[in-house]
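Trainee: I am new to this structure. Please take me through a close look at a single part, the salt bridges, and then show me how that part sits in the whole.

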Amino acid sequence: AFETKLEGQRTEMERAKTTITQLQGWEPKAKEYGAARRNVERYTQKYKEAEMELARLQETEKKCRGAAEAAREAAEDVRRRYIFGQAAILASQLEEGAPCPVCGSIHHPHPAEKSAESVSKEEMEAKESAAQEAKDAWKTLKEQRELAETEKKQAEERLREAEKERDKASAALRGAETNLIDGIADSAALE
């Protein structure tokens, strides 16, 4: 009887050791899961920030593209008016029977006339410079937007990896919890 009781206590002690070992295995898995969950939260935040930055840059680029297009059209209009003004200046110096300095004709049936819309070379160059600056600004924003797209994709990839790690850690934790619960149930059955 004593030996049977002693054997039962040894078995109970072995199961207690097993439960302790399982409990010790559970704790690191719980910590691993907690860290993985925090990574998911951090990468979710980074992804949201990248998404917002991309949206902001897309909107700014759209406005900048519109401004660049408007500046280009204005520069083209001023250039056209400048060229017509230059034609009027040349036409004012034409004499019937004398060759035209542009085309060489000696007849000038419809010479260009100076208009109120004529602009100076300086005005034309200023508009062309403004158009180039607007185009450069648009190009810079486009590059920033492309970089933001890349950063958003990278953030999304990091988030997906973190979610996989979290899911793996969650499964490992559930397995450790099941082993622990089973071990406790086995110990309780001995009593």
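Mentor: Start with R37. R37 counts as partly exposed, because its relative accessibility is 35% and partly exposed lies between the 20% and 50% cut-offs. Keep in mind that this is a predicted model.

Now look at the partner of R37. R37 forms a salt bridge with E41. The closest N and O atoms of the two are 3.6 Å apart. That falls within the 4 Å that a salt bridge asks for. Where do E41 and R37 lie? Both are in helix α1, which covers residues 2–92. They are 4 residues apart, about one turn of the helix. E41 is partly exposed as well, with a relative accessible area of 46%.

Move along helix α1 to another pair. E76 and R72 meet through their side chains in a salt bridge, at 2.4 Å from N to O. Again, helix α1 holds both residues. Their spacing is 4 residues, about one turn of the helix. E76 has 46% relative accessibility, so E76 counts as partly exposed. R72 is partly exposed too, with a relative accessible area of 33%.

Next comes R79. Which residue does R79 pair with in a salt bridge? The partner is E128, and the closest N and O atoms are 3.0 Å apart. This pair links distant parts of the chain. R79 sits in helix α1 and E128 in helix α2, 49 residues apart. R79 counts as partly exposed at 39% relative accessibility. E128 counts as partly exposed at 30%. There is also a network: salt bridges that share partners join E61, R145 and E149 into one. In the whole protein, the count comes to 16 salt bridges.

Stay with R145 from that network. R145 lies in helix α2, which runs over residues 121–190. Is R145 buried or exposed? R145 is buried, with a relative accessible area of 14%. The cut-off for buried is under 20%, so that value qualifies. Which residues touch R145, once neighbours within four places in sequence are left aside? They are L54, L57, Q58 and E61. E61 is thus on the contact list of R145, and E61 also belongs to the network.

Compare R145 with E146. E146 is in helix α2. E146 is partly exposed, with a relative accessible area of 36%, whereas R145 is buried. The C-alpha atoms of E146 and R15 are separated by 61 Å. Along the chain, E146 and R15 are 131 residues apart.

Go further along helix α2 and you find L159. L159 is buried, with a relative accessible area of 4%. Leave aside the neighbours of L159 within four places in sequence. The contacts of L159 are then V40, Y43, T44 and Y47. T21 is another matter: its C-alpha atom and that of L159 are separated by 33 Å. Those two residues are 138 residues apart along the chain.

Now turn to the loop between α1 and α2, where C100 is found. C100 is buried, with a relative accessible area of 14%. Beyond its neighbours within four places in sequence, C100 is in contact with L94, S105 and H108. C100 and E73 are 27 residues apart along the chain, and their C-alpha atoms are separated by 31 Å.

Step back to the whole. How many helices and strands does the protein have? There are 2 helices and 0 strands. The C-alpha trace spans about 145 × 25 × 20 Å along its principal axes. The radius of gyration is 41 Å, while a compact globule of 191 residues would have one near 16 Å. Buried residues make up 20% of the 191 residues. R145, seen above, is buried.

Contacts tell a related part of the story. Take the contacts with a separation of 6 or more. Of these, 83% are between residues 24 or more positions apart. The contacts of L159 with V40, Y43, T44 and Y47 can be seen in the model.

Finish with surface and charge. The accessible surface comes to about 13900 Å², and 53% of that belongs to carbon and sulfur atoms. The protein has 34 positive and 40 negative charges. Their mean positions are 3 Å apart.

Technical notes:
Residues are numbered from 1 along each chain as its sequence is written. This is a predicted model: local features need pLDDT of at least 70, side-chain atom pairs count only at pLDDT 80 or more; totals for chains, interfaces and linings use all residues. Side-chain values use heavy atoms; hydrogens and water are left out. The radius of gyration is taken over C-alpha atoms; the globule rule is 2.2 Å times the number of residues to the power 0.38. Buried means under 20% relative accessible area, exposed over 50%, partly exposed in between (1.4 Å probe, protein chains only). Contact means heavy atoms within 4.5 Å. Accessible areas come from the Shrake-Rupley method with a 1.4 Å probe; for residues, only the protein chains shown count as cover. Lys and Arg count as positive and Asp and Glu as negative; His and the chain ends are not counted. The place of a charge is taken as NZ of Lys, CZ of Arg, CG of Asp or CD of Glu.
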